[in-house]
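Here's a quick briefing for anyone opening this structure for the first time. Have a look at it, then read on.

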Amino acid sequence: MLLKHTTDKEIDRKALTINPAKTCQPIGAMYAALGIHGCLPHSHGSQGCCSYHRSTLTRHFKEPVVAATSSFSEGSSVFGGSANLVQAIETMFTVYKPEVIAVHTTCLSETIGDDLTQIVSKANDDGLIPEGKFVIYCNTPSYVGTHITGYSNQVAAMVKFFSTATPKKKNVVNLVAGWMEPSDMREIKRLAQVMEARTIMFPDMTGVLDTPLNGKYHMYPDGGTTIPELRATGDSKFTIGLGQYCTEDACIKLENKCKVKFEVVDIPIGLKATDRFLMSLSRHANLPIPDSITEERGQLIDLIADNAKYLYGKRVALWGDPDTLIPLTEFLVSLDMKPVYIVSGTPGKPFDERMSEILKDIPEAKFMSGERADMFRLHQWIKQEGVDLLIGNTYGKYIARDEDTPFIRFGFPIADRSGHNYFPKTGYVGATNLVIQILNAFMDHQDRTCPEEKVEFQM
Amino acid sequence: MTKDTEKDINLAEFKEEVLAAYPKKVAKKRGKAIVYNDPDEIPQIQANVRTIPGIITQRGCTYAGCKGVVLGPTRDIVNITHGPIGCGFYSWLTRRNQTRPDEQAPENFIPYAFSTDMQDSNIVFGGEEKLKQAIREAYELFHPKAIAIFSTCPVGLIGDDVHRVARHMTEELEGKVNIFGFSCEGYRGVSQSAGHHIANNGLYKNLIGNDDSVDGKYKFRINVLGEYNIGGDAFAIETLMDKCGIELVATMSGNSTKKQFETAHTADLSLVMCHRSINYVAEMLETSFGIPWMKANFIGAEATAKTLRKVGKYFGDQELIDRIEKVIAEEMIPVKEAQEKALEKTKGKLAMLFVGGSRAHHYQELFNELGMTTISAGYEFGHRDDYEGRSVIPSIQIDADSRNIEQITVKEDATRFKPRKTEEELKALEKEGLEFNGYEGMMAEMKKGTLVIDDLSHYEMGKLIEMYHPDIFCAGIKEKFCVQKMGIPLKQLHNYDYGGPYAAFEGAINFYKDIEQIACCSIWKEMKAPWEKEDIVEAEYVY
């Protein structure tokens with residue numbers, strides 16, 4: 001047994017988190033910043049954070065993830081990190097020539113209270129920010145919220161520093177992307193394109209974290225939302241935020257700053273969330289949903305109907321981030337599956353409220369968010385009564401092996417499989433991918449474990 | 001350097017070109033960290049100084065060096081990270097410290113991450129009470145033999161005292177569990193290195209010497225220090241020692257248990273693999289208990305044989321010496337076979353190595369065995385002694401950034417100090433070629449004119465590849481995909497690209513095979529689509 005010390009006996013934990021279903025803010029800010037074209041993320045703290053965040057993102061994407069750090073020493077931790085950041089800004093613009101430096105903070109610089117506004121303006125006064133280049137920043141204290149909060153803070157900073165309203169409104173819909181894979185963003189953009197909707201997606205990691213290998217390394221790949229696009233978001237006629245936790249703050253700030261009205265919908269994972277996203281886009285872009293998309297929907301329905309008996313009543317345990325867990329859980333319910341255990345380390349009421357609503361007909365379902373809503377607890381629940389399927393990040397493989405339970409990798413980080421940055425889980429196509437993965441997991445497990453006389457040629 | 005590669009390489013251009021891209025002050029500092037090697041007259045290199053902000057370093061922090069590297073691999077201690085969730089999360093299963101629980105120590109906490117998950121209220125009002133409660137809960141749930149606490153950045157700033165909490169909780173739990181803390185806040189020192197030092201001090205103060213029991217089946221008793229069982233390296237060494245009839249008392253800290261730390265002082269010799277991370281413990285074991293240490297290397301078949309022979313010579317027992325020779329002879333048969341097969345593909349190729357604090361040196365042995373030349377190498381966080389050899393230690397100035405790292409004074413143990421060899425015996429062994437308390441460093445073994453670079457930056461890495469097109473670049477996960485986009489295969493020498501073991505004879509065979517695979521990998525020839533122009537495209541570094 002890998003997790004041999006996990007037993008079904010729960011104690012009332014008040015302080016110890018074991019096997020977290022979350023990580024800390026700055027990695028979210030770093031990830032979001034990579035969705036700006038020509039951007040170099042910068043971690044204002046000691047350098048360990050930056051290395052850990054780069055490594056974690058790299059393990060997940062199998063792609064270059066470059067970011068710089070202020071490399072605090074003990075001296076700067078006591079007397080402030082202003083000199084470090086000013087020096088870093090000079091070095092980055094001289095050596096690495098980014099269009100934008102996106103600074104985020106860590107628990108170190110937040111605890112000592114470094115004032116980023118003042119430091120960046122000093123760098124500007126010293127002439128260290130070249131003409132036409134930008135230094136943006138957000139505060140991402142690791143002891144508040146989670147990586148999702150950090151992502152949200154970075155996206156909000158994009159609005160704060162760039163979105164500009166001119167008198168000329170354009171017939172464009174902003175799509176604020178919550179934390180998802182580049183493949184998911186690509187799929188959402190494809191759907192918008194098929195609808196012939198004019199959109200600006202931000203942040204946009206397509207073409208950044210799924211780049212080709214051709215012998216040339218571009219530190220700033222072709223992808224990412226450009227500065228002119230980010231500015232233009234202030235002139236769009238509407239904003240759709242995808243995922244409340246990651247994007248609502250940016251949507252509100254954009255409305256306050258540029259009077260662009262908004263709606264927050266779920267990340268389009270599964271049938272109903274995709275339906276809602278498309279109807280929202282259709283309404284606000286004032287365009288019909290074309291038949292080719294309706295056909296994709298029908299193919300998904302076809303697949304589910306053909307295989308419904310394999311899905312019915314299956315108990316599922318899930319863990320991860322609220323914006324993906326909400327539509328994913330809803331989708332599983334629409335497949336007649338039973339998402340019985342769900343944990344998200346990210347705190348917040350919307351998760352609890354939505355889960356209560358989605359799970360109202362599954363009385364045995366347990367869910368939890370925030371502190372100590374961790375994978376140790378999830379495993380304890382599984383020990384109390386088992387499940388048929390696990391859906392979550394790579395850390396679930398230890399539970400999957402111990403409990404011999406089929407397992408699908410979903411969310412962040414996935415460190416032990418490749419290709420998730422190429423194949424979407426969003427839209428009807430993504431939902432189809434997901435159903436196929438679920439069916440494969442069940443069928444592989446059955447083929448491996450059933451008695452020999454029960455092995456089926458056709459399933 | 002082999003003749004056919006020599007003509008293509010003029011490493012002298014590198015420094016000039018790189019430094020020209022930096023702001024003046026940065027260029028001045030980096031200039032001292034980039035040197036041309038001359039093994040006969042080893043030049044001084046700047047190392048173990050603060051990282052230049054914004055330069056894009058490979059380095060990590062003190063917490064990583066302490067919790068992640070030294071204490072992480074021990075399976076029966078509950079390691080609690082006192083801090084916000086990130087540090088504990090990122091060091092959760094991300095280093096490949098394999099372990100194999102046994103009947104004596106069936107516990108295995110390595111697949112778990114324990115954290116106090118500090119919130120803003122803990123920053124404002126202090127986190128000591130939460131830490132105490134976390135320890136109570138860890139004890140109630142797991143009943144471990146020991147609990148270690150690791151401080152992260154904010155802990156030092158808000159004044160939480162993890163040592164006081166450890167003492168308090170030891171009392172509260174009536175000494176049923178050994179609880180100790182580490183002040184390994186990420187901002188201490190300039191790299192992981194400070195964390196090694198802090199971890200070494202903690203091992204000495206809290207574990208080493210706690211258990212005088214002497215068990216095991218062989219009379220020749222050694223420690224292997226600074227070996228973390230990445231990809232099963234320590235397993236390979238354990239198997240080899242068993243074949244030779246040598247008792248491995250403690251491995252620090254691959255596949256280790258609390259008891260191994262506690263009984264390490266009962267060994268008669270320490271072998272130091274990773275000099276950087278564990279030389280402090282090696283010194284303390286000698287001062288306190290009289291156990292001499294020698295630098296060893298189990299990376300490379302020749303190096304492994306050499307190390308075994310050193311052990312044989314040290315104990316001076318003919319039966320042991322004969323047994324070692326027999327094992328070497330047996331093991332070398334499949335090694336030679338694998339080596340010859342790989343050599344056809346690898347001979348004459350060029351390698352560059354930029355890894356941590358020891359492997360950039362050790363792995364050059366393996367590349368030599370593959371007929372490959374290392375034209376450039378460096379450490380993330382080595383000190384001058386790792387580059388230039390321990391003889392320079394007296395001349396190393398500890399600068400302001402590292403001055404506050406705890407130095408502990410160790411004295412002879414009043415009852416248990418026992419010199420394993422007399423002065424005369426040691427002198428005689430030295431005459432026979434053994435070196436005690438010595439390490440010559442990486443530069444002595446690198447060719448003249450090779451390029452040694454400390455704390456390599458992202459920019460320098462790109463320039464190295466653009467200018468010299470090595471056949472293989474060795475570094476870590478952060479560098480891997482950048483380098484591969486340039487069309488150059490990168491071999492990860494931290495996590496072995498999920499392969500290994502690479503240590504001992506068994507490991508050498510694995511390494512030959514893996515490098516042969518990389519040298520033969522067909523896909524690199526397909527980077528250009530057939531409809532694109534046919535010229536061979538050189539790697540290009542574009543900002």
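In which sense do β2(A) and strand β4 of chain A pair, and over how many bridges? The two strands, the second covering residues 100–105, pair in the parallel sense over 6 bridges. Before going further: this is a predicted model, where local features need pLDDT of at least 70 and side-chain atom pairs count only at pLDDT 80 or more, while totals for chains, interfaces and linings use all residues. Residues are numbered from 1 along each chain as its sequence is written, chains are lettered from A and ligands numbered from 1 in the order in which they are written, and side-chain values use heavy atoms, with hydrogens and water left out.

**The sheet in chain A**

- β2(A) and β4(A) belong to an open sheet of 4 strands with parallel pairing, in the order β3-β2-β4-β5.
- The edges are β3 (68–69) and β5 (134–137) of chain A; each has a single partner strand, so one side of each is left without a neighbour in the sheet.
- For a spot to zoom in on, try C39(A), whose bridge partner in β4(A) is V100(A).
- Strands here are DSSP runs of E, at least two residues long, and helices are runs of H or I, at least four, both numbered from the N terminus; two strands pair if DSSP finds at least two bridges between them.

**Domains 2 and 3 of chain A**

- Chain A splits into domain 1 (2–9 + 295–452), domain 2 (25–144) and domain 3 (170–211 + 218–290), with bounds that come from an automatic or database domain assignment.
- The C-alpha centres of domain 2 of chain A and domain 3 of chain A lie 26 Å apart.
- Each of these two domains puts 22 residues into the contact, which means heavy atoms within 4.5 Å.
- Together they bury about 1,700 Å², with 69% of that on carbon and sulfur atoms; buried area is the accessible area (1.4 Å probe) that two parts lose on being put together, summed over both.
- On the domain 2 side, Y31(A), H37(A) and E63(A) supply 36% of the buried area, more than any other three residues.
- The rule finds 0 salt bridges between domain 2 and domain 3 of chain A, a salt bridge being a side-chain nitrogen of Lys or Arg within 4 Å of a carboxyl oxygen of Asp or Glu.

**Where chain B meets chain A**

- 84 residues of chain B are in contact with 80 residues of chain A.
- The two chains bury about 7,200 Å² between them, 64% of it on carbon and sulfur atoms.
- P53(B), Y90(B) and K485(B) lose the most area to chain A within chain B, together 12% of what that side buries.
- There are 4 salt bridges across this interface.
- R188(B) and E74(A) meet through their side chains in a salt bridge, at 3.2 Å from N to O.
- Helix α7 (residues 128–142) of chain B gives 8 residues, the largest share of the side that touches chain A.
- That side of chain B has 49 nonpolar, 20 polar and 15 charged residues; Ala, Val, Leu, Ile, Met, Phe, Trp, Tyr, Cys and Pro count as nonpolar, Asp, Glu, Lys and Arg as charged, and the others, Gly among them, as polar.
- Strands pair across the chains too: β1 (residues 17–18) of chain A and β3 (residues 114–115) of chain B run in the antiparallel sense over 2 bridges.
- There, I18(A) has F114(B) as its bridge partner in β3(B).
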